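Open the model in your viewer and keep the selection tool at hand. We will go from stop to stop, with a word at each on what to select and what is there.

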Amino acid sequence: MNNNKGKKIAVLSGKGGTGKTLVSVNLAALCPNSTYIDCDVEEPNGHLFFRPEILKEKIITQTRPQIDDNKCNGCKKCVEFCRFNALAYIKKVMVFDDICHSCDGCALVCPQKAITMINEEVGKVHFGKSLDTYVKSGFLKVGKISGSPIISNLLKNIDESNYTFIDCPPGSACAVMESIKDADYCILVSEPTIFGACNLEMVHKLVNVFHKKFGVILNKYTGTNNPSLNYCLKNNIEIIGKIPYSNEIAKLSSVGKIIVRTNSSAKKSFEDILEKVLKKVTK
Amino acid sequence: MKIAIPVNEKNENTAVCPSFGRTYFFMIHDTENGQTSFYDNAANTTAGGAGIKASQSLVNQGVDTVITPRMGNNALDVLNAANIKLLKTIEGTAMQNIKALIAGELVSL
């Protein structure tokens, strides 16, 4: 038995468009029977490549306080209790849904029992399969602010018998932290621009805060005149792979093709990266 | 009239603070007795919902008029619900703004 299975590999980058989806989709497609999870719930796109057969759909809800104005006596205990400042009291309790973190605390402290927590739909999760890859994608409902409850649902019940590749949202804020929280290894994808290097620095700091093992992939690699490469050299960061800047990769991606499922010459880069990543994660 | 204005320092010649919810202090001027006071804005250090918290505390203190360069939507909802009069600041110190308001020279936000 290989007890190294069940490891979770998160793919992140400070900046959008650096190649998180390219890397995570291709590694998952290469690694037999693995799972790909698209945590970029604001604009999920991994499914456009995998085109999975949807096996299950789940609606994700979040609780919100509903106030019974007839029972409320205006004591403001709920307003004082809410550490997120999602409530105000002006003649009656005002609820700011976008700020509420669904902690249910207001309902607990209300002496009048005037607050009921109701379920509100915030998005959905799809579970499907594409050849031998399991594909999970989260979709935040248009107009909703926080994808965190959807991400936490996506990361529940992970297949412990195989590898999981987590395609993170861009940036280094709450949604990314939620996505990498339980990861065994983090891949930071960066591109050869000053902006790319600046955002690489942000996620580098983040994975350090979380004490994660990590390595960098230099995507769109054209040579050594590369701010992200310089950042890695300066900070002694391990580079686990380089993906060439290639017209072919761009063309295949633009029509939703998975590179490693084609005869592309770029397939080798991903095979090398996967081999290295699996060694790292099992160390 | 009890007027509130977000300010950087605790004196009448202070500059107006460009932020409403996260201002360090509010200057309160009561036109009934001509008295001016200052208080620390507890919402300044909160992670979120600062505008809501700052607005609630102004309402709790019986403020009926706010002069500010800007404010967010949530703060606006709270102050509107409380029928607080909202006016836009002009260039100058906090006290100059109060005088301009009394002279009827300020426009609504």
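## Stop 1: a sheet in chain B

Select B:Ile3 and look across to strand 4 of chain B, where B:Thr65 is its bridge partner. Before moving on, note that this is a predicted model, in which local features need pLDDT of at least 70, side-chain atom pairs count only at pLDDT 80 or more, and totals for chains, interfaces and linings use all residues. Residues are numbered from 1 along each chain as its sequence is written, while chains are lettered from A and ligands numbered from 1 in the order in which they are written.

Now select strand 1 (residues 2-7) and strand 4 (residues 65-68) of chain B: they run parallel and are joined by two bridges. Helices and strands here are DSSP runs numbered from the N terminus (H or I over at least four residues for helices, E over at least two for strands). Strands pair if DSSP finds at least two bridges between them.

Widen the selection to the open sheet of five strands in chain B, which has the order 3-2-1-4-5 and mixed pairing. Which strands stand at the edges? Strand 3 (35-40) and strand 5 (85-88) of chain B do; each has a single partner strand, so one side of each is left without a neighbour in the sheet. From one strand to the next, the twist averages 25 degrees.

Add helix 3 (residues 94-102) of chain B, which lies across strands 1, 2 (25-30), 4 and 5 of chain B and runs at about 145 degrees to strand 1 of chain B. Angles run from 0 to 180 degrees between N-to-C directions, with axes fitted to C-alpha atoms, for helices over the stretch in contact.

## Stop 2: where the chains touch

Show both chains. The contact takes 14 residues from chain B and eleven residues from chain A, where two residues are in contact if their C-beta atoms, placed from the backbone, lie within 7 Å. On the chain B side, the elements giving two or more residues are helix 1 (50-60) and helix 2 (73-81). Helix 1 of chain B gives the most, with six residues.

Pick B:Asp77 in helix 2 of chain B. B:Asp77 is partly exposed, because 17 other C-beta atoms lie within 10 Å (20 or more would make a residue buried, 12 or fewer exposed, and partly exposed is in between; C-beta atoms are placed from the backbone). Draw a distance from B:Asp77 to B:Ile52, 25 residues apart along the chain: their C-alpha atoms are separated by 8.5 Å.

## Stop 3: chain A

Hide chain B. Chain A has ten helices and eleven strands, and its C-alpha atoms fill a box of roughly 70 × 45 × 40 Å along the principal axes. Buried residues make up 46% of its 283 residues.

Select helix 7 (residues 194-209) and helix 8 (residues 227-234) of chain A, whose axes come within 7 Å and cross at roughly 35 degrees. Among the residues that meet there are A:Leu200 in helix 7 of chain A and A:Tyr231 in helix 8 of chain A.

Finish with A:Ile9. Among the residues that A:Ile9 touches, not counting those up to four places away in sequence, are A:Phe165, A:Ile187 and A:Val277.
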